[in-house]
Structures are given as C-alpha cells and as structure tokens.
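Student: I have a structure open and I'm new to it. Could you walk me through how to read it?

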Amino acid sequence: MKKYLLMALVAMLPAATFAQEEEDTENGVVSVAGKEGFKIATKKGDFVFKPYMMVQASGNFNYYDDEGLDKAYNQDNVANSGFAIPYAIIGFTGKAFDKVSYNVSVNAAGSGGNILQQAWFDVKFKEQLALKVGKMKTPFAHGFQTTLGYTLMPCVPTSLTAAVILPHSLNAVTPSMNTGWDIGVELHGLLAKKFGYEVGLFNGTGGGVNGATKTFSDDWHIPSLLYAARFTFMPKGVMPNIQGDPNRLNEDKMLFGVSVSENVESESESTNDFRAGAEFSMLKNRWYVGAEAYYMHVGFTKRQKIDETYNYWGAYAQVGYFLTPQWQLAARYDFMDRNGTDTKGLLNMPAVGVNYFVPNTNLKVQAMYQYIGRTGHATQLDRDNDDLGLAMHTAKIQLQYTF
C-alpha cells in the first residue's frame with residue numbers, strides 16, 4: 001500500500017526535466033510559467049496533465065448618447081449595465097509522448113458553440129515545424145493573441161471588436177477586425193529562436209460554430225475558408241503572450257509582427273473580407289508597451305450584385321507600468337475608421353485603468369474607464385451614426401481568479 005502511495009505522490013511532483021513547461025502547456029487562458037500549481041507528470045516529463053480554471057466577475061456601467069434611442073419607448077441612456085461573468089473557464093492542458101501537446105477548455109459563461117472555447121492538439125516535429133489541429137485562436141491581432149488572464153485592461157480595444165458600418169444588409173453578422181476563435185489546421189514554428197510563423201486554414205465562421213458548414217467560392221472557385229498567416233520577429237527571444245505579470249518583472253522581450261488573412265465568401269457567402277495587421281509589443285522590467293494597426297477590405301460577391309467595395313482601419317497604443325509588484329497603471333488610445341475610408345469621420349477612444357494583483361492568492365482586480373469621441377465627420381448624421389451601438393462612457397471593475 002505504501003509503495004503505491006509513494007508512486008502516486010512521485011507522479012504528481014513537477015517534472016525536473018520539464019524545461020519547456022510554458023511552451024508545452026500553453027493554453028491561451030492563464031500562464032503556467034514559474035508556477036508550481038497542480039500537475040500530474042511522469043518522472044521524465046514526457047507525459048503531463050495540468051488542469052486550470054479562470055473565473056471573471058465584473059460590474060459594468062455603460063452610458064449611451066441620445067442617437068438611436070427612442071424616448072417614446074422609454075429607452076434609457078444607461079443600458080447593458082450591472083453584473084456579468086464574461087468567462088468561467090475550466091480546462092486541462094499538457095503533453096504526451098514528449099511531442100504532442102493538447103488543450104481543451106469550456107466556457108460555462110458562453111452559449112451555443114462558444115461553450116467549447118477551444119480544443120486542439122499540437123504535434124511538434126521539431127522546433128521549426130509543428131502542426132496544430134482543432135479549435136484555436138486564429139493568427140491575427142496582438143490584442144487577441146494575449147493570454148486572456150493577462151490583458152492590460154478588462155476590455156480589449158473597441159476597434160478590434162466593434163462591427164463596421166456597411167450601407168447594405170448582410171445575411172449574417174457585419175464583420176469586425178478580429179477573426180477570433182475558429183476551427184482549422186495550422187502550421188507553425190520558431191526559426192533561429194527569433195522568427196515565428198503561423199500559417200493556417202480555418203472555417204471562417206468564428207467561435208460560435210463547431211460544425212462544417214462551408215462550400216466552394218462561386219467567385220474564386222476555391223474552398224470558402226479563412227486563409228490566415230502571421231509572422232513575428234522577436235530579437236530578444238520568445239515574447240510571452242502577456243501584458244503584465246507581477247511574477248515576471250525582470251523580462252526584456254520585444255516583438256514585431258505582421259499578419260494577413262482572407263475570409264473567402266464569409267458572412268453567409270455575401271462578402272470576401274481581406275485583413276492585414278502590424279503589431280509591436282515590449283516587456284521591459286516593470287513596463288509593458290503595445291501598439292497595433294489593422295486594415296480590412298470588404299468586397300461583395302457577384303451574387304450580391306453590389307459593385308462597391310469598402311475599406312476600414314483601426315489602431316491603438318497602450319502602456320502599462322508596475323508602480324509596485326502589486327499595482328499596475330494602464331492607459332490606451334484607440335482609433336477606428338468605422339464608417340469606411342470613403343466617409344469622413346473617426347472614432348477616438350481613450351481609456352485608463354488600474355490593476356491590483358492580490359499577493360499569494362491568484363486574484364486580480366481590474367478597473368477601467370473608456371470614453372468614445374467622434375471627430376472629422378462631414379455631417380451631423382454621419383457623426384450620430386458612427387457610434388451607434390457603442391457606449392459613450394464605459395466603466396468596468398472586474399475580479400479574476402485563476403488556478
């Protein structure tokens with residue numbers, strides 16, 4: 001009996017040879033770097049199983065301007081406010097045979113296909129070449145690639161998530177800059193310890209669809225999928241996907257990246273959406289700096305019988321600084337040409353925030369405020385329409401626990 005008990009305890013100890021823990025158990029939700037945590041592993045470290053969880057609870061206040069509100073129906077300027085649980089994630093990650101890593105997580109706060117947040121396995125042939133298959137983050141946008149529990153603010157940039165304005169109705173959701181979670185296959189690797197690449201094929205239907213629903217393109221006669229690629233240069237070694245961690249205040253990392261994608265006959269076969277982006281991020285001791293710009297070209301398919309094309313862009317810069325190992329200050333300035341380059345006017349969205357990491361608990365408290373301003377519009381109607389559906393004033397306090 002004692003022999004079997006001893007064997008079980010040994011199996012639960014952290015593997016001494018598990019030098020690439022962060023890479024092999026990357027899950028996109030909570031970093032495992034430098035954390036003991038609970039883990040089951042063989043003595044050699046070729047088999048690892050690590051459960052994890054993340055729960056976020058937030059208090060929200062959103063104030064909308066009068067445009068788009070009908071006072072006759074008692075529509076209030078304050079809406080979408082109160083308490084929320086953005087994420088309640090339970091998952092497990094690990095590796096097998098010392099070459100296959102895996103990750104599965106469910107978001108109990110989601111609905112429909114979004115309940116399955118991600119599910120993938122990754123076969124590492126060598127450092128320069130690996131094959132990832134399943135539901136994963138698509139290779140676009142630094143703001144989205146960041147590990148969920150380590151974002152600088154509780155809300156990612158609005159320019160990345162807000163739907164653009166089209167003067168035509170679509171059969172599905174109007175596109176946004178972010179391509180999000182999706183099901184597909186991806187080749188990726190690291191060259192010379194500095195150059196990273198991700199090239200993949202995905203459904204292009206987003207995280208809310210877990211089935212195979214695509215067809216062939218009527219216009220281009222290729223599979224109507226999302227074709228995506230991201231290339232990065234990290235002159236000081238691999239850049240962790242975090243925007244601040246009190247346990248990692250001695251980092252000196254930097255990343256430059258570009259990404260492109262084409263969502264062929266997306267949005268129920270009504271448009272072809274091309275996206276391109278450029279990004280920069282840096283961790284230097286107590287400092288985090290990030291900046292990103294992205295562009296989207298929307299063209300209608302021939303069956304829509306609409307000759308016009310539309311172009312959109314967005315950009316933001318943000319910075320974080322640890323005053324102490326527990327307190328981090330944050331600021332961001334976000335721009336978006338939401339109504340297209342053919343129509344004058346921009347949204348500018350400054351935001352400030354503060355983060356407190358409760359010592360020895362894995363608790364993180366975040367607070368932020370964002371204001372949406374409008375500038376450069378040719379008419380008052382254009383100005384009124386540009387921020388429809390977006391809150392002029394947003395305040396959010398979020399408490400997060402990770403394991």
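Tutor: Let's go from the overall picture to single residues. Keep in mind that this is a predicted model.

Student: Okay, overall picture then. How many helices and strands does the protein have?

Tutor: Counting the secondary structure elements is a handy way in. Here you'll find six helices and 19 strands. The chain has 403 residues, and 48% of them count as buried.

Student: And how do I see whether the contacts link distant parts of the sequence?

Tutor: Look at how far apart in sequence the contacting residues are. Among contacts in the protein with a separation of 6 or more, 61% are between residues 24 or more positions apart.

Student: What should I look for on the inside?

Tutor: Nonpolar side chains tend to be buried together in soluble globular proteins. In this model, the largest nonpolar core has 41 residues, and V29 and Y312 have the most contacts inside it. Strands β2, β8, β13, β14, β15 and β16 each give two or more residues to this core. The largest share, five residues, is from β13.

Student: Which residues does V29 touch?

Tutor: Leaving out residues up to four places away in sequence, its contacts include Y52, M54, I89, L148 and G149. Apart from the largest core lies another one, of five residues, with M136, F202, L226 and A228 among them.

Student: What about polar residues? Is S159 buried or exposed?

Tutor: The number to check is relative accessibility. S159 counts as buried because its value is 0%, and the cut-off for buried is under 20%. You'll find S159 in helix α4, residues 158–161.

Student: Which side chains does S159 make polar contacts with?

Tutor: Its side chain has a polar contact of 2.5 Å with that of Y294, and another of 2.6 Å with that of D334. Among the other residues that S159 touches are M177, G314, F335 and M349.

Student: Now the outside. Which residues form the nonpolar patch on the surface?

Tutor: They are F38, I40, F49, F92, Y401 and F403, with about 490 Å² of accessible area together. Take Y401, which sits in strand β19. Y401 counts as partly exposed because its relative accessibility is 32%. For the whole protein, the accessible surface comes to about 18900 Å², and carbon and sulfur atoms make up 63% of that.

Student: How do I read the backbone angles?

Tutor: Most residues other than glycine have a negative phi, so a positive value is something to look for. In this structure, K193 isn't a glycine, yet has a positive phi of about 65°. K193 lies in the loop between β8 and β9. K305 also has a positive phi, near 55°, and lies in the loop between β13 and β14. With a relative accessible area of 76%, K305 is exposed.

Student: Can we finish with another loop? Where is T324?

Tutor: T324 is in the loop between β14 and β15. This residue is partly exposed, with a relative accessible area of 30%. A polar atom of the T324 side chain lies 3.1 Å from the backbone nitrogen of W327. You can also compare sequence separation with distance in space: T324 and Y356 are 32 residues apart along the chain, and 9.6 Å separates their C-alpha atoms.

Note on methods
Residues are numbered from 1 along each chain as its sequence is written. This is a predicted model: local features need pLDDT of at least 70, side-chain atom pairs count only at pLDDT 80 or more; totals for chains, interfaces and linings use all residues. Side-chain values use heavy atoms; hydrogens and water are left out. A nonpolar core is a set of buried Ala, Val, Leu, Ile, Met, Phe, Trp, Tyr and Cys residues joined through side-chain atoms within 4.5 Å. Buried means under 20% relative accessible area, exposed over 50%, partly exposed in between (1.4 Å probe, protein chains only). Helices (H or I, at least four residues) and strands (E, at least two) are DSSP runs, numbered from the N terminus. Contact means heavy atoms within 4.5 Å. A polar contact is a pair of N or O atoms within 3.5 Å; within protein, one must be able to donate a hydrogen and the other to accept it, and residues adjacent in sequence count only if both atoms are side-chain atoms. Patches are made of residues with over 30% relative accessible area and no salt bridge: like charges are joined within 9 Å, nonpolar side chains (Val, Leu, Ile, Met, Phe, Trp, Tyr) within 5 Å. Accessible areas come from the Shrake-Rupley method with a 1.4 Å probe; for residues, only the protein chains shown count as cover. A salt bridge is a side-chain nitrogen of Lys or Arg within 4 Å of a carboxyl oxygen of Asp or Glu.
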